[in-house]
Amino acid sequence: MNRTFELTQFGPLAALCVMAAELEYGPALKARIKPLITGVGPIEAAVGTTEALAMLERDGALPDLILSLGSAGSQTLDHGRIYWVDEVSYRDMDASAIGFPKGVTPFLDIDPVLTLASGPAGQPYARLATGASVVSGEAYDGIDADMVDMETYAVVRAAARFGVPVMGLRGISDGKADLTVLEDWTNTLSVIDEGLAEALDLLKAEFERLTAEVAEGA
């Protein structure tokens, strides 16, 4: 985990941006945010997010919002396009052998599908499934979601312990064809970098507009 992150202002709200890998953090995003880079996968995302939030809580500086952003895979969504995350599930959890539905964590009293905070209206939203595997080819067949990543569910669970809401943004980097080399993922990241930056600009403008409307009505 990098400890050089900074909170970003979106109108009146201070947000912690969370990403998995430096490869996803391109020049367009570097001009706008200084995110927490947790490392790849749900374990690294949970540990990194929890540690960062504990540090911020200790300093009396918990963010108003977390933005989980980066790339995702999908066989059905448009590659290179940015989607806001509507809801997220944990695709790795499978205790069906002892009577629990797939996706349900035993003895945990929360819904297996978590709803994220909503971003600007009129934008494309999609359902996300988080897991510790890179999904390719036929592996998509058993996943009940529009897109897949390896971190967002863990970020949401960690944030819930601190009472911080989460928004999710994912750019579709792969999924139409089987993944065989690293470049099958990285080739689209420059496009996704620019798309994510535009989405953050839109979010900032939306919060500033809402703040102005409230001030005018006061």
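In what order do the elements of the protein run from the N terminus on? They run β-β-α-β-α-β-β-β-β-β-α-β-α-α, and the views below walk through some of the details of this predicted model.

**Figure 1. The whole protein, with its 5 helices and 9 strands.** Before zooming in, it helps to have the overall frame in mind. Taken along the principal axes, the C-alpha atoms fill a box of roughly 55 × 40 × 35 Å. The radius of gyration is 17 Å, which agrees with the value near 17 Å for a compact globule of 218 residues. Buried residues account for 48% of the 218 residues. Take the contacts between residues at least 6 apart in sequence: 74% of them join residues at least 24 apart.

**Figure 2. A salt bridge between D201 and R32.** The closest N and O atoms of this pair are 3.0 Å apart. D201 belongs to helix α5 (residues 189-217), while R32 sits in the loop between α1 (27-30) and β3 (36-37), so the salt bridge ties together parts that are 169 residues apart in sequence. How accessible are the two partners, D201 and R32? D201 has a relative accessibility of 36% and counts as partly exposed. R32 is also partly exposed, with a relative accessible area of 35%. The pair is one of 9 salt bridges in the model.

**Figure 3. R209 and E206, a salt bridge within helix α5.** Here the closest N and O atoms are 2.8 Å apart. The two residues are 3 residues apart in helix α5, which means that about one helical turn separates them. R209 is partly exposed at 37% relative accessibility, and E206 is partly exposed at 23%. Elsewhere, R127, D144 and D146 are joined into one network by salt bridges that share partners.

**Figure 4. D59 and R58, a salt bridge between exposed residues.** Are these two partners buried or exposed? D59 is exposed, and so is R58. Their closest N and O atoms lie 3.1 Å apart.

**Figure 5. The largest cavity, with a volume of about 40 Å³.** Rolling a probe the size of a water molecule over the atoms shows where empty space is left. In this model the count comes to 2 cavities of 30 Å³ or more. Which residues line the largest cavity? The lining consists of G103, V104, T105, L108, I110, P112 and Y153. By class, this lining has 5 nonpolar and 2 polar residues, and no charged ones.

**Figure 6. The second largest cavity, with a volume of about 30 Å³.** Its lining is made up of V18, M19, A20, T38, S68, L69, E151, V155 and R170. Two strands, β2 (13-19) and β4 (65-73), each supply at least two residues of this lining. How do the lining residues of the second largest cavity divide by class? They comprise 5 nonpolar, 2 polar and 2 charged residues.

**Figure 7. L13 in strand β2 and its surroundings.** L13 has a relative accessible area of 26% and is partly exposed. Leaving aside neighbours within four places in sequence, which residues is L13 in contact with? The contacts of L13 are T8, D64 and F207. The view also takes in E208: L13 and E208 are 195 residues apart in sequence, and their C-alpha atoms are 9.6 Å apart in space.

**Figure 8. F107, a residue other than glycine with a positive phi.** Most residues other than glycine have a negative phi. What is the phi of F107 near? The value is near 65°. F107 is placed in the loop between β5 (82-90) and β6 (113-115). With a relative accessibility of 78%, F107 counts as exposed.

Methods. Residues are numbered from 1 along each chain as its sequence is written. This is a predicted model: local features need pLDDT of at least 70, side-chain atom pairs count only at pLDDT 80 or more; totals for chains, interfaces and linings use all residues. Side-chain values use heavy atoms; hydrogens and water are left out. A salt bridge is a side-chain nitrogen of Lys or Arg within 4 Å of a carboxyl oxygen of Asp or Glu. Helices (H or I, at least four residues) and strands (E, at least two) are DSSP runs, numbered from the N terminus. Buried means under 20% relative accessible area, exposed over 50%, partly exposed in between (1.4 Å probe, protein chains only). On a 1 Å grid over the protein atoms alone, a cavity is a set of points where a 1.4 Å probe fits but cannot get out, and a pocket is an open set with protein on both sides within 12 Å along at least five of seven lines; lining residues have an atom within 4 Å of a point. Grid points are joined across faces, edges and corners, and a volume is the space filled by probe spheres set on the points. Ala, Val, Leu, Ile, Met, Phe, Trp, Tyr, Cys and Pro count as nonpolar, Asp, Glu, Lys and Arg as charged, and the others, Gly among them, as polar. Contact means heavy atoms within 4.5 Å. The radius of gyration is taken over C-alpha atoms; the globule rule is 2.2 Å times the number of residues to the power 0.38.
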